[in-house]
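Visitor: I would like a close look at one part of this protein, namely its nonpolar interior, set in the context of the whole fold.

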Amino acid sequence: MKNKKQRLSAKLLIMLVALELIAVSLNMFFEPHSIAAGGATGIAILLQAGWKIPTFISVLVINIVMLVLAYLHLDRQTTIKLALGSFLLPLMLFITPVINLIPNNRVISIIVGSIIFGIGLAILYALNMSSGGTTVPPMIIHKNFGIEKYISLFIIDALVCLGNLALSDLVSFSLAVMSVGISSLSIKGFGFFHKKIAQ
């Protein structure tokens, strides 16, 4: 019983670290340059850039809506897993200061931020946890129509990236697309590294 509690506490602590990495990438690398690279966090950055809505509020609202959809269409265990990250990520965004760590180079800032973001997501995936948000619609679509989750997620991320064209310029859009690619490589690289250690 004691070991089970210790494992649960360790898992929660690692999850908090992963969510804080995501919050740092958003508040210190993406938001200062108004680059929206997909997902609920990308939508939140677009809303912040266009209407000055704090990102943590947008992420919280989006996550709550997605949780309601998960409750209606997915199983209880999945919804519970989603709920934890859905409420913790906005909290991390709220307590993490918005600082432009690399003010003079948008490209380097987005590269560094994308790597940090990808590592944070990879840790969550390794724990079989989620930060909620736009990961929910692909799960529902997959359940009802059998369409692979990565396809739906790619379409959602692409639409969010296109939002950079509406609110900014072609350079911002290009950086957002680059970010999605770098984050994906970071996730795969961390996953490969994690498997090697686990062997």
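Visitor: Read along the sequence, what pattern does the protein follow? From there, please take me into the largest nonpolar core.

Guide: In this predicted model, the pattern along the sequence is α-α-α-α-α-α-α-α, that is, eight helices and zero strands. The C-alpha atoms fill a box of roughly 55 × 35 × 30 Å along the principal axes, and the radius of gyration is 16 Å, which agrees with the value near 16 Å that a compact globule of 199 residues would have. Among contacts between residues at least 6 apart in sequence, 74% join residues at least 24 apart, and buried residues make up 42% of the 199 residues.

Turning to the interior, the largest nonpolar core holds 35 residues, of which Leu19, Ile22, Leu26, Phe30 and Leu124 touch the most other members. Two or more residues of this core come from each of helix H1 (2-30), helix H2 (39-51), helix H4 (76-95), helix H5 (106-126), helix H7 (149-167) and helix H8 (170-198), with H1 giving the most, 10 residues. Leu19 repays a closer look: once its neighbours within four places in sequence are left aside, Leu19 is in contact with Gly85, Leu88, Leu89, Met92, Leu124 and Ser131. Apart from this largest core lies another, of nine residues, including Ala40, Ala70, Val136 and Ile140.

As for the outside, the protein exposes about 10,900 Å², with carbon and sulfur atoms supplying 71% of that area; its side chains include 14 positive and 6 negative ones, and the centres of these two sets lie 15 Å apart.

Technical notes: Residues numbered from 1 in each chain as written. Predicted model: local features only at pLDDT ≥ 70, side-chain atom pairs only at ≥ 80, totals over all residues. Heavy atoms only, no water. Helix = DSSP H or I, 4+ residues; strand = E, 2+ residues; numbered from the N terminus. Rg over C-alpha atoms; globule rule 2.2 N^0.38 Å. Buried < 20%, exposed > 50% of the residue type's maximum accessible area, 1.4 Å probe, protein only. Contact = heavy atoms within 4.5 Å. Areas by Shrake-Rupley, 256 points an atom, 1.4 Å probe, with all protein chains shown as cover. Lys, Arg positive; Asp, Glu negative; His and termini not counted. Charge placed at Lys NZ, Arg CZ, Asp CG, Glu CD. Core = buried A, V, L, I, M, F, W, Y, C linked by side-chain atoms within 4.5 Å.
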